[in-house]
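Thank you all for coming. Please take a moment with the sequence and the model on the screen before I begin.

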Amino acid sequence: MTAAITFKNVTKKYLSLSGETTAVDRFHCTIPEGEFVGIVGPSGCGKSTLLSMLAGLFPPTGGEILLFHEPVTGPSPVIGYMLQQDYLLPWRTILDNVWIGLEIRGQKTTEQIEYAKSLLYEMGLEGTEQKYPHQLSGGMRQRASLVRTLAVRPKILLLDEPFSALDYQIKLQLEDLIARTLQKHKITSVLVTHDLGEAIAMCDRVLVMANRPGRLKNIVNVPEEIRALSPLEAREHVEFHKLFRKLWGDLQNVE
Ligand SMILES: Nc1ncnc2c1ncn2[C@@H]1O[C@H](COP(=O)(O)OP(=O)(O)OP(=O)(O)O)[C@@H](O)[C@H]1O
């Protein structure tokens, strides 16, 4: 097993005028390559802080984070980030948005362009190439945003509440499509979500965090019977409901 992400006793303290806040306290865990991991926990338990440190936006105060056994020292090209907002540039067509990362990295080769287009079609966006973001629905824009992120071939994808701005039906459809795409391309993924059902339906393991200070409370493996199903089908399975109740119980006792 290759470790894609290793958190070694990671701590983050913020200093502000009102004093010191320990946002993350000795977070320790390993995520193997190809795994899809969810992080759930009460508001303020340090989920976004963890993702930001993983993305190399700022360093931990204590401990260390490794990506494929190399310490994180800043933003890394192996990491892609998908946020709640799509941040597509409104003055560029969908196709021009999709390969913006390739342009910035000087990688806009014929092969890479073809790869980006194939991702666009995989995500059901054929026919939108020459449209502008305002001509697409919220779900389509999120899909285009994911294509842009995947076009530069990240090995690790961080998803910070990517579906929370979408309505329920679109969100379920997107969960299915995105889970399939990430599995197909064997991308190690970390999903931060407030939606327990989403974490169970999409992930191989769910990390439950506790508050004040933010720390890892529990790790729950999603049973094989659920993982073998699509996120939509998983929600119908009896094991899904059992696990939902267990995680719900865990979260009631995490303070
Ligand atoms: N820049 C900052 N300066 C001071 N404190 C901060 C800063 N950013 C976050 N915090 C504090 O660190 C703690 C963890 O915040 P963080 O945003 O990581 O939590 P979260 O679990 O992502 O929350 P939510 O689920 O509400 O998005 C909170 O107590 C927050 O107030």
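Helix 5 is largely enclosed by the rest of the structure, because 12 of its 14 residues are buried, and I should say at once that we are looking at a predicted model. The helix covers residues 138-151, and from its first C-alpha to its last it reaches 20 Å, which is close to the 20 Å expected at 1.5 Å a residue. Among the buried residues of helix 5 are Met140, Leu146, Val147 and Leu150, and the list also includes Arg141, Arg143 and Arg148.

What do the buried residues of helix 5 pack against? Their partners are strand 6 (79-82) and strand 7 (156-160), together with helix 2 (94-98), helix 3 (100-104), helix 4 (110-122) and helix 6 (168-184). After helix 5 comes Arg153, and its phi is positive, near 55°.

Let me turn to a sheet. It is an open sheet of 4 strands, in the order 2-1-4-5, and the pairing is antiparallel. Strand 2 (19-32) and strand 5 (70-71) stand at the edges with a single partner strand each, so one side of each has no neighbour in the sheet. Strand 1, residues 3-16, runs antiparallel to strand 2, and 10 bridges join the two; Leu15, for example, has Glu20 in strand 2 as its bridge partner.

Finally, the whole protein chain has 10 helices and 10 strands. Its radius of gyration is 18 Å, close to the 18 Å that the globule rule gives for 255 residues, so the chain is as compact as a globular protein of that length. Of those 255 residues, 38% count as buried.

How values were computed: Residues are numbered from 1 along each chain as its sequence is written. This is a predicted model: local features need pLDDT of at least 70, side-chain atom pairs count only at pLDDT 80 or more; totals for chains, interfaces and linings use all residues. The expected span of a helix is 1.5 Å times one less than its number of residues. A residue is buried if 20 or more other C-beta atoms lie within 10 Å of its own, exposed if 12 or fewer, and partly exposed in between; C-beta atoms are placed from the backbone. Two residues are in contact if their C-beta atoms, placed from the backbone, lie within 7 Å. Two strands pair if DSSP finds at least two bridges between them. The radius of gyration is taken over C-alpha atoms; the globule rule is 2.2 Å times the number of residues to the power 0.38.
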